[in-house]
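Here is a walk through a two-chain model, from one fold to the contact between the chains. Keep the viewer open while you read.

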Amino acid sequence: MAMTTSQTDTPASAVTLPSHHLLGIEGMDVLTMHRLLDRASYFADNLTNDVEQTLKGQTIVNLFFENSTRTRVSFEVAAKKLGASVLNISVAGSSVKKGETLVDTATTLNAMHPDILVVRHHASGAPQLLAQHIDAAIINAGDGRHEHPTQALLDALTIKRRFGKIEGLRIAICGDITNSRVARSNLYLLGGLGAEVRFVSPSTLLPPAIGDMGVAVYHDMAEGIKDCDIVMMLRLQTERMEGRETPSQHEYFNLFGLDSDKLEAAAPKAMIMHPGPMNRGVEIDSEIADDHERSLIHKQVEMGVAIRMACLEALAVTAAQKRSA
Amino acid sequence: MKTLLKNAHIICPVQNFDASGYVGMDESHICASGIGAPKDEASYDKVIDCAGAFVTPGLVDMRVQSADPGFEHLETLETLLKAASASGVTSLVSLPDTDPVIDNRTVIDSLTLRASKLGGPRLYLYGALTQGQKGHHMAELGLMAQAGAVGFASGAHSIQDSLIMRRLMTYATMFDKPIIHHCEDYQLSEGGEMNEGETATRLGLIGIPSAAETIMVNRDIELARLTKARYHVAHISTAGSIDAVRRAKQDGLQITCDTAPPYALLNEHAVNSFNTAFRLNPPLRSEGDRLAVLQGLNDGTIDAIASDHAPVNRDEKAQPFGQASCGASGIETLFPNIMGLVANGSLTMKRAIELGSTAPARILGIAGGSLETGTAADIICFDANAATVIDQTKFHSRSRISPFHGQPAQGRLAYSFVNGALVHQDTN
């Protein structure tokens, strides 16, 4: 199959992954990125139709050590659309609260033979640790400050379906880069697909060695989003605006919050994205967030289901091939 | 109206002038300056023959604490600006230790507006580094920079938490403004009354080791190395701190520092009388430290001399030495003190003007410090050799406690111009 950077001519088929797990975007080859996006685009076109039940008979466990309504529900909907049975384990009711270690939890779950484990954890690298102790395929649903691969993929899908391409687009990711797994995964994915990715952030919310990652960094919103096709705002946790990382919500909104004045610096038809949940009046003005002409925020949520369908299916197909080999 | 000062000894460190010459100014800016005689004397409305007196850029006092707002019984903005105009200070920068603390743009806007109505010397402001000067939470540096803050300072406080200092330095790099820090390790200085040493031992006063300053200077230099911040040590006073700054400059860091006249002219022996005018923070140091200050002033390690003017009154000083408030009035002794350092051979006149005017203006990116054509006409004219005696009872400032009271001094100011306007003329 020839490597293409746009839509394939034939209907996209299920993707086989080079790895048994989906732990991150870093190191993913460009062909896999395109195939996942193409397959997800097919699902996106058929979100209200019946699709082939490729996960029928499979057990998928949502193991969330961090609260997340949006991501968990998105995975659950995606899995059910493909016919899987889904089990949700939230940390509040689990034995982790009783002092069980992560590895013990994994070993216990492994004995129940789930097919795919969807893991969200507050510590960077937790899914990698689980992957060493469990037979099921693991999909990283966000680990600490490290990666959130399905968020980056759904962002890429949203962009691709809106602009028809990713290559050559100028994309500003703005806000708390230090603590953002979304920023890292998007840098690898959107950068890998040929977009020019920039980070716009207060100097205190940028990792000190960010320059070594080969990304352009700006501390001024107008300068950073100048001529950008996409302005992606990140959530800033309120505890980071109490004088330790930044002085106040007041100063943050004035300097780094996206409002219509600052947005004028971007390209004329620039679109706004946000992984949610939003802090209105902090990193984004409501007027912008709710502007249907400019905001892709709801589209991102919709594409989340399609991307997770493609990813879960890919893990199942990859596991099946491995078993038959 | 155009004014010409001719037959003057012109000192301009920027243009390297140190000879007989002239300076011409229009309504606000310098329109000509040079060595020798002016060519177009007839084009001026007013010509002043300086008869060999010095003409230099006015003093830029980068460390002044205004008591207003909040402590107007000690001093008002009006008396402070009057004191400045009468003593050759054409620009002053005030610290944020007011009440309310200058830690938001509203206070900056309000003080700037009031100063503009008073006229006279230019008033610039530092924004506080932390909210309420408490040392824990970053203040709104960005909004204060937008409102005109020329730098960020901790006032008389020292920030103990290294993490917050690191973040402040990192954050301040976005606005290209220096951080001005009073360096003091509180755990070492707590309860201290004067410099630690033989004098303190004899007087039975609790000592403050020079390490209390030196340790903090070294910490900050390492943080500035890490963050690439612009960092300025305020009123440097120990040999160890000066060495540290010297090395940091050799390493290419953007580090500057100032000292105040007491640390160049006095030492801890002054405390022998228990006179609370000598209770300062940092404390008067050893003679070795004082000599290190003089060396630093000459070799370029110390960039600037600032008055360290602090509003204090008699009540606060009429206490046993260790309980008296720290600080002294300084703005009206800055000029005679600098002239004293020239007269006793410690500094050349050109270096003195560089320290008192050119360097602070450059560090803060503000007007003044130069006689170049096109720059703001902030100019002083003075007789450097006139003998005077410092008399704190004659201060324009309401703050009338000086460690130099009664001391003979040098220099008499003849004229002072701010933005081309005559703000002071010697009437004697």
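Two residues are in contact when heavy atoms lie within 4.5 Å. On that basis, among the contacts in chain B with a separation of 6 or more, 74% come from residues 24 or more positions apart. This is a predicted model, where local features need pLDDT of at least 70, side-chain atom pairs count only at pLDDT 80 or more, and totals for chains, interfaces and linings use all residues. Residues are numbered from 1 along each chain as its sequence is written, chains are lettered from A and ligands numbered from 1 in the order in which they are written, and side-chain values use heavy atoms, with hydrogens and water left out.

**Chain B overall**

Chain B has 13 helices and 18 strands; these are DSSP runs numbered from the N terminus, H or I of at least four residues for helices and E of at least two for strands. Its C-alpha atoms fill a box of roughly 65 × 45 × 45 Å along the principal axes. The radius of gyration is 21 Å, which agrees with the value near 22 Å for a compact globule of 428 residues (taken over C-alpha atoms; the rule is 2.2 Å times the number of residues to the power 0.38). Of the 428 residues, 62% are buried, meaning under 20% relative accessible area, with exposed over 50% and partly exposed in between (1.4 Å probe, protein chains only).

**Helix α4 of chain B**

How many of the 11 residues of α4(B) are buried? The count is 8, so the helix (residues 162-172) is mostly covered. Among them are Ile164(B), Arg167(B) and Tyr171(B). The buried set packs against several elements of chain B, including α3 (141-147) and α7 (211-227), and also against α8 (249-256) of chain A. At the N-terminal end, Asp161(B) acts as a cap, with a side-chain oxygen 2.8 Å from the backbone nitrogen of Leu163(B).

**Where the chains meet**

Arg167(B) also takes part in a salt bridge with Glu245(A), at 3.9 Å from N to O. The rule (a side-chain nitrogen of Lys or Arg within 4 Å of a carboxyl oxygen of Asp or Glu) finds 2 salt bridges across this interface. On the chain A side, the touching residues split into 5 nonpolar, 9 polar and 4 charged. Here Ala, Val, Leu, Ile, Met, Phe, Trp, Tyr, Cys and Pro count as nonpolar, Asp, Glu, Lys and Arg as charged, and the others, Gly among them, as polar.

In total, 18 residues from chain A and 21 residues from chain B make the contact. Arg244(A), Pro247(A) and Glu251(A) supply 39% of the area that chain A buries against chain B, more than any other three residues. Buried area is the accessible area (1.4 Å probe) that two parts lose on being put together, summed over both. For these chains that comes to about 1500 Å², with 52% from carbon and sulfur atoms.

**Backbone oddities in chain B**

Some loop residues deserve a look.

| Site | Backbone value |
|---|---|
| Asp99(B) to Pro100(B) | cis, omega near 5° |
| Asn281(B) to Pro282(B) | cis, omega about 0° |
| Gln133(B) | positive phi, about 55° |
| His235(B) | positive phi, near 25° |

Pro100(B) sits in the loop between β7 (89-94) and α2 (105-118), and Pro282(B) in the loop between α9 (261-265) and α10 (287-299). Is Gln133(B) buried or exposed? Gln133(B) is buried, at 7% relative accessible area. His235(B) counts as buried too, at 3%.

Note on methods: Polar contact = N/O pair within 3.5 Å; in protein donor to acceptor, adjacent residues only side chain to side chain.
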